[in-house]
Amino acid sequence: MKIEVKNLKKKFNKNLVLNNISLTIHKNKSTIILGKSGCGKSVLIKTIYKLFTYDSGSILYDGKYEVNIDKFSMLFQYGALFDSLKISENIAFTDYINNKMNFDKKVFSLMNDVGLDKSAFSKYPSEISGGMKKRAALARALYKNPKVIFLDEPTTGLDPINSDKINELIIKVIRKRKITAVSITHDIKSAIKTGDKYYFIHNGVIEDEGDCKKILKSKNKVFKTFVTGGKY
Amino acid sequence: MKSIEIIGEFFIKFFSNLGKFTLFILFFFKYLFRPKFYTRNNFSYFVFIFISSIPIIALTGIFSGMVLALQSYTGFSRFSAESAIPNIVVLTLTRELGPVLTGLMISARVGSSIAAEIATMRVTEQIDALKTLNTNYYNYLVTPRVLSLTFALPIFVTLVDFIGVMGGYIVSVHRLGFNDNLYLINTIDFLSLTDYLSGIFKAITFGFIISIVSCFCGLFSDKGAFGVGSATTNAVVISSVLILSSNYFLTELFF
């Protein structure tokens, strides 16, 4: 699915979070949204997902304003697994709450795809590690076979080794299932590894954009400062 | 000038929240009559409320009945009207203390837990996750809690009434020297169905108030630990104030 965002504006009270954002998310490609904390990255993807409304501008999904969000999925920053449900029930959430009980096979297959140990099947989110939670949340996001997956800082809170594993897993899953991916990250290494195109948001506007493989060659001063970690 | 701004902001916030709350109730009824029942969720919540509340309900009932018997004796013995104690105990419990004390205890026990749970879900993006999983949070979170508590509170009040009367009986018979048969006969003879039903009607109203206020405070909480804390406090305070104030109007209704 191709998504086109045009001149998007979003305010929270008097605070203008997104100011004239325009970007294109290409079908079956991995788009990376970069930017410092609080710059509006999560608001942007939640607005595209229709979790938030926007004040002006437009979002076109394959050229149309309307979209069935059943085709979308999201991996939240900290997993957002339901604490009161087991991992298997979290992964197969929609089937579980509708009393469809024959989801075990599909859940095991997804757990295998995301590299989640079978022992996690009957455990609760509080009983597994951060890396396993991310994998479980990814399995839940993939359960409904989405066409577009939104990944909100998928490697946050993970050590470098687990971050690498999650990145590789994301690449594998996106390619295998031919999914359009939109990821938010602070991590340049992850962006280069998992992305095709990047957009850099600064103070609510798109400050820079380009090919992820050429991220380190960007001539934009603000973006360079973001990459190297200095003062703006 | 600054003080006018503060007062203005307070009123704007108050009426904005009142508007949000009214809309929230309207949406609750909209989805209640276009229901998608998650039976597992409804049943498990009802069981949770029951198991977690029974001990405090029993304690509330027994001690209220016992204290009521003792205090009534102190007053009525001054003009030799001790025989009215069974009537006073049962009437006060069924019409007034049963529903009000149960409502207050349940708002502290269950209302706070509802608000804290939902606010935590909001802070940890679980509410957003529900939306991404095509699950309406009114159907999944609000309806089970409101229905469970609205149906559970009359049962709790009946228990408090019964246990409270037994508490009054124990103190009156074993401490104040009442005749046990006479105490029970006086209690049963004096109690009318209207007395009991007025308490039950109050219980239904209080159950609805506690659950809807707690769900609202949880769902519209601010972010972070402070947000969860204030959602919990607000849920208990607002529920308690609404219970006490609506109690007057309900009493007028059955006066």
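**Entry 1: helix α6 of chain A**

What covers the buried residues of α6(A)? I began here, keeping in mind that this is a predicted model. The cover includes β3 (30–34), α5 (130–143), β6 (148–152), β7 (180–185) and α7 (188–194) of chain A.

Next I wanted the names of the residues underneath that cover. The buried residues of α6(A) turn out to be S163(A), I166(A), N167(A), I170(A) and I174(A). Looking down the axis of α6(A), I find these buried residues within an arc of 100°, so they line one face of the helix. A reminder to myself: an α-helix has 3.6 residues a turn, so residues three or four places apart point the same way.

Which exposed residues sit on the face of α6(A) turned away from its buried side? I noted I161(A), R175(A) and K176(A) there.

I also checked the length of α6(A). The helix covers residues 160–177, and its 18 residues should span 26 Å at 1.5 Å a residue. Its end C-alpha atoms are 26 Å apart, which agrees. Just after α6(A) comes K178(A), with a positive phi of about 50°.

**Entry 2: the sheet of chain A**

In what order do the strands of the open sheet run? I read six strands in chain A, in the order β5-β6-β7-β3-β8-β9, with mixed pairing. At the edges stand β5 and β9 (205–211) of chain A; each has a single partner strand, so one side of each is left without a neighbour in the sheet. On average, neighbouring strands are turned by 15° against each other, direction ignored.

I then looked at what lies on the sheet. Helix α5(A) packs on it, touching β5 and β6 of chain A. The direction of α5(A) makes about 175° with that of β5(A).

**Entry 3: strand β3 of chain A**

Is β3(A) mostly covered or uncovered? I found it mostly covered, with five of its five residues buried. S30(A), I32(A) and L34(A) point one way from the strand, T31(A) and I33(A) point the other way, and all are buried.

I followed its pairing to both partners. With β7(A), strand β3(A) shares five bridges, and the two run parallel. In that pair, L34(A) stands opposite T185(A). With β8 (residues 197–202) of chain A, strand β3(A) shares four bridges, again running parallel. There the bridge partner of I32(A) is Y198(A). β7(A) is also part of the cover over the buried residues of α6(A), as is β3(A).

**Entry 4: where the chains meet**

How many residues does each chain give to the contact? I have 14 residues from chain A and 15 residues from chain B. On the chain A side, β5 (72–75) and α3 (93–97) are the elements that give two or more residues. By class, I see ten nonpolar, three polar and one charged residues on that side of chain A. So β5(A) comes up twice in my notes: it is an edge strand of the sheet, and it gives residues to the side of chain A that touches chain B.

**Entry 5: chain B**

Turning to chain B, I count eight helices and zero strands. The pattern along its sequence reads α-α-α-α-α-α-α-α. Its C-alpha trace spans about 65 × 55 × 30 Å along its principal axes. Of the 255 residues in chain B, 41% are buried. Among contacts in chain B with a separation of 6 or more, 87% come from residues 24 or more positions apart.

I picked two residues for a closer look. Why does V67(B) count as partly exposed? Because V67(B) has 15 C-beta neighbours inside 10 Å, while a buried residue needs 20 or more and an exposed one has 12 or fewer. V67(B) sits in helix α2 (residues 39–76) of chain B. Its C-alpha lies 9.5 Å from that of G164(B), although the two are 97 residues apart in sequence.

My other pick, F24(B), belongs to helix α1 (residues 2–33) of chain B. F24(B) is partly exposed, with 17 other C-beta atoms within 10 Å. Between F24(B) and S53(B), which are 29 residues apart along the chain, the C-alpha separation is 26 Å.

Terms used
Residues are numbered from 1 along each chain as its sequence is written. Chains are lettered from A and ligands numbered from 1 in the order in which they are written. This is a predicted model: local features need pLDDT of at least 70, side-chain atom pairs count only at pLDDT 80 or more; totals for chains, interfaces and linings use all residues. The expected span of a helix is 1.5 Å times one less than its number of residues. The arc is that of the directions from the helix axis to the C-beta atoms. Two residues are in contact if their C-beta atoms, placed from the backbone, lie within 7 Å. Ala, Val, Leu, Ile, Met, Phe, Trp, Tyr, Cys and Pro count as nonpolar, Asp, Glu, Lys and Arg as charged, and the others, Gly among them, as polar. Two strands pair if DSSP finds at least two bridges between them. Axes are lines fitted to C-alpha atoms, for helices over the stretch in contact, and angles run from 0 to 180 degrees between N-to-C directions.
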